[in-house]
Amino acid sequence: MSTIQRTKLTKDQRNSFIAAQLGWTMDAFDYFLVILVYADIAKTFHIGKGEVAFITTATLIMRPVGALLFGLWADRIGRRIPLMVDVGMYSIVGFLCAFAPNFTVLVILRMIYGIGMGGEWGLGAALAMEKIPAERRGFFSGLLQEGYSFGYLLATLASLLVSNWLGLSWRWLFGLSIIPALIILILRARVRESEVWEQSKEKLRVTQTRVRDILTSPAVIRRFIYLVLLMTAFNWMSHGTQDVYPTFLSATSHGGAGLSTVAAKWIAVIYNIGAILGGLIFGSLSQRYGRRYTIIFCAVLGLPIVPLFAYSKTAAMLCLGSFLIQVAVQGAWGVIPAHLSEMSPDAIRGFYPGVTYQLGNLLASLNLPIQERLAESRGYPFALAVTAVPVFVAVIFLTAIGKEAKGIRFGSADTSAAPGPQAAGGT
């Protein structure tokens, strides 16, 4: 084993990463609770499932707002305080969802929650990637991003326990989510400020450069637009293969698989294990083979799995198809925290990755309602396939024409315009 592989993280690096990973896990946990119980929410408020599906759209719409507000704040005063405020905000709002008296209040709370969710990923990823050694960034990128799948897995297990086994209302799930969120807040309080951010602020002071000058640089603007398009394709790929799938598995109409809700949730557990494995494996491989080639390989891998994932008739084959497609989808996603951080100028890394990611989420926010409408007219298998294949192709194309900056040492050079030599020529 090489010296690089044996290198251990310092206590501060470890705490920063654990806090970021748990923060993203809890964000996903709370988001996917709605996905898993939106049929129950529809019954509680006497509305259709299509209307309840708008909750996810409302959450996704507000995520860019959180990324913008908390990102600009973090680039101005540092990462720690904005992250602690962010965690406190989304913890309280998520808890209050348990007491929503009507559907309108629930939508408003989920929109506010979306602001917190939008702030968490960008700042958490920036702080973690700035502290992790460059030679280990690929593995920890995959581990960080798969907090999303781990949160989905935990939400599924919690739903099985609270709803199916204990027979309690969906409200209990939101009420219990505040406990791990408070643990994250305690961890964040022990994390030191990002040294890369401190160096960047000093560089701006010495060179008398304004953040506005960096934000309005033509190279930064062009890269920003490109990354938003890339993240739009990525988010369609992720939400298109996840959000409606539990409903498809348990639906008895519109071509649904007709499985019991318990069986559907256990399949969700299994495909989230596949997602976690994919993120860890391919995030690590991106350190050797490059960010772009790894993403393209995963997207190509996903294309032939779509028929198995969408059109299988038995629980075993649906389980296999969903497991394999999440290995591919989240394998590509495991590269993203490192890739976006490396493509971001030091001075605006709190703002840049999070906003590009969440604007992509905004443009993909209609995915679930569109899939539900397609399912009503053409069936769930068609809805899944017709939204999956084009985005795999889009991810392949957009990644192929893009650039990367694998292994760049943050803070070691002026990255405000071109983040390293690889950015100019790809891998």
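Me: Which helix gives the most to the lining of the largest pocket?
Reply: In this predicted model, the largest pocket has a volume of about 390 Å³, and the residues closest to its centre, out of the 17 that line it, are Leu36, Ala39, Asp40, Ser250 and Thr261. The elements that give two or more residues to this lining are helix 2 (11-45), helix 8 (147-165), helix 14 (245-250) and helix 15 (261-289). The one that gives the most, with seven residues, is helix 2.

Me: How do the residues of the lining of the largest pocket divide into nonpolar, polar and charged?
Reply: Ala and Leu count as nonpolar, Asp as charged, and Ser and Thr as polar, and each of these residue types is found among the residues closest to the pocket centre, namely Leu36, Ala39, Asp40, Ser250 and Thr261. Over the lining of the largest pocket, the division is eight nonpolar, five polar and four charged.

Me: Is helix 2 roughly parallel or oblique to helix 8?
Reply: The axes of helix 2 and helix 8 are 7 Å apart, and the two helices pack at an angle of about 45 degrees. Because angles under 35 degrees count as roughly parallel and those from 65 to 115 as roughly perpendicular, the angle makes helix 2, with respect to helix 8, oblique.

Me: How many charged residues are in the contact of helix 2 with helix 8?
Reply: Helix 2 passes helix 8 in a right-handed crossing. Residues of helix 2 including Trp24, Phe29, Phe32 and Leu36 meet residues of helix 8 including Tyr148, Phe150, Tyr152 and Leu154. The residues of this contact divide into 14 nonpolar and six polar, and the number that are charged is none.

Me: Is helix 7 roughly parallel or roughly antiparallel to helix 8?
Reply: Helix 7 (residues 137-145) has its axis 4 Å from that of helix 8, and the angle between them is about 30 degrees. Leu143, Leu144 and Gln145 of helix 7 make the contact with Gly147, Tyr148 and Ser149 of helix 8. Since angles under 35 degrees fall in that class, helix 7 is, relative to helix 8, roughly parallel.

Me: Is helix 13 roughly parallel or roughly antiparallel to helix 18?
Reply: Helix 13 (residues 218-242) and helix 18 (residues 315-333) have axes that come within 10 Å and cross at roughly 150 degrees. Because angles over 145 degrees fall in that class, helix 13 is, relative to helix 18, roughly antiparallel.

Me: Is the crossing of helix 13 and helix 18 left-handed or right-handed?
Reply: The contact includes Phe234 and Met237 of helix 13 together with Val329 and Trp333 of helix 18. Helix 13 passes helix 18 in a crossing that is left-handed.

Conventions
Residues are numbered from 1 along each chain as its sequence is written. This is a predicted model: local features need pLDDT of at least 70, side-chain atom pairs count only at pLDDT 80 or more; totals for chains, interfaces and linings use all residues. Side-chain values use heavy atoms; hydrogens and water are left out. On a 1 Å grid over the protein atoms alone, a cavity is a set of points where a 1.4 Å probe fits but cannot get out, and a pocket is an open set with protein on both sides within 12 Å along at least five of seven lines; lining residues have an atom within 4 Å of a point. Grid points are joined across faces, edges and corners, and a volume is the space filled by probe spheres set on the points. Axes are lines fitted to C-alpha atoms, for helices over the stretch in contact, and angles run from 0 to 180 degrees between N-to-C directions. A crossing is left-handed if the near helix is turned anticlockwise from the far one by less than a right angle, and right-handed if clockwise. Contact means heavy atoms within 4.5 Å.
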